[in-house]
Amino acid sequence: WGGVTSVAFSPDGAKVLTGSDDATAKLWNAATGAELCSFEGHQGTVTAVAFSPDTNNPVVLTGSEDGTAKLWDATCGTLGPLRTFSGHQRGITSVAFSPDGSQVLTGSNDASACLWNTANGQLIIVLAGHMGVVSSVAFSPDGSMVLTGNWDSTARLWDVNTGRILRTFIAHTWGINAVAFSPA
């Protein structure tokens, strides 16, 4: 119990966020290794973690096998979740913030990705079309597109505004576990 399942560095590199099998996420001081706080509230393994790009209002995002993603105060001032995103039918496998922090993207075992409004927690759009686990999600640097990787051996590029698939990348023989955009 308690094995680390996911890791993310804060934008300034000063903090590390870890997700764990014990349904918690922990925030650490990267320089000293000291635990700053623990985020508890999920009912399953914390499978994905991310830091908001907004350093003026630092928040972190966790995704869990319980099918929810939660937004937390990265200053450790408020230990309960600030917001819960729920709507997936199965566990969440991946999470990401848009470059401006206004949206959250979640990938799930239910073969979908969901785009959420960070401020109010409302579902914006469901990105459906994969045939298996959406194992990885990423926003383009300008936030206009998202990329999803899937265990069906495809990666798909989506338009954020319409939810349309712009391109499907098919060439792998095994599932895709990670996707990313180049910085610029």
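Two strands are said to pair if DSSP finds at least two bridges between them. The exercises below apply this and related criteria to a predicted model.

**Exercise 1. The open sheet**

Determine which residue of β14 is the bridge partner of V134, and place the two strands within their sheet.

Solution.
Step 1. V134 has N150 as its bridge partner in β14.
Step 2. The strands concerned are β13 and β14 (residues 145-150), which are joined by five bridges in the antiparallel sense. The criterion for pairing is at least two bridges, so β13 and β14, with five bridges, count as paired.
Step 3. The sheet is open and consists of four strands in the order β13-β14-β15-β16, with antiparallel pairing. Its edges are formed by β13 (134-139) and β16 (165-170), each of which pairs on one side only. From one strand to the next, the twist averages 15°.
Step 4. As background, the strands of a sheet pair through backbone hydrogen bonds, in either a parallel or an antiparallel manner.

**Exercise 2. The overall form of the chain**

Establish how the radius of gyration of the protein chain relates to that of a compact globule with 184 residues.

Solution.
Step 1. For 184 residues, a compact globule would have a radius of gyration near 16 Å.
Step 2. The protein chain has 15 Å, and therefore agrees with the globule rule.
Step 3. Along the principal axes, the C-alpha atoms fill a box of roughly 45 × 35 × 30 Å.
Step 4. The secondary structure comprises 16 strands and zero helices. Of the 184 residues, 51% count as buried.
Step 5. The chain exposes about 8,700 Å², of which carbon and sulfur atoms supply 52%. Among contacts between residues at least 6 apart in sequence, 37% join residues at least 24 apart.

**Exercise 3. Three residues and their burial**

Classify K15, S64 and H88 as buried, partly exposed or exposed, and describe the surroundings of each residue.

Solution.
Step 1. The cut-offs are under 20% relative accessible area for buried and over 50% for exposed, with partly exposed in between.
Step 2. K15 belongs to strand β2 (residues 15-20). Its relative accessibility is 25%, so K15 is partly exposed. A polar atom of the K15 side chain lies 3.3 Å from the backbone oxygen of A74. Beyond its neighbours within four places in sequence, K15 has contacts that include F9, W28, L36 and F51. The C-alpha atoms of K15 and G33 are 9.0 Å apart, although 18 residues separate the two along the chain.
Step 3. S64 lies in strand β6 (residues 59-64). With a relative accessible area of 0%, S64 is therefore buried. A polar atom of its side chain is 3.0 Å from the backbone nitrogen of D66. Among the contacts of S64 outside its neighbours within four places in sequence are H42, T45, T47 and I92.
Step 4. H88 occupies the loop between β8 (83-86) and β9 (92-97). Its relative accessible area of 9% means that H88 is buried. The H88 side chain makes a polar contact of 2.7 Å with the side chain of T106, and another polar contact, of 3.4 Å, joins H88 to the side chain of S112. Leaving aside neighbours within four places in sequence, the residues in contact with H88 include G67, S108, D110 and C114.
Step 5. In summary, K15 is partly exposed, whereas S64 is buried and H88 is buried.

Methods. Residues are numbered from 1 along each chain as its sequence is written. This is a predicted model: local features need pLDDT of at least 70, side-chain atom pairs count only at pLDDT 80 or more; totals for chains, interfaces and linings use all residues. Side-chain values use heavy atoms; hydrogens and water are left out. Buried means under 20% relative accessible area, exposed over 50%, partly exposed in between (1.4 Å probe, protein chains only). Contact means heavy atoms within 4.5 Å. A polar contact is a pair of N or O atoms within 3.5 Å; within protein, one must be able to donate a hydrogen and the other to accept it, and residues adjacent in sequence count only if both atoms are side-chain atoms. Axes are lines fitted to C-alpha atoms, for helices over the stretch in contact, and angles run from 0 to 180 degrees between N-to-C directions. The radius of gyration is taken over C-alpha atoms; the globule rule is 2.2 Å times the number of residues to the power 0.38. Accessible areas come from the Shrake-Rupley method with a 1.4 Å probe; for residues, only the protein chains shown count as cover.
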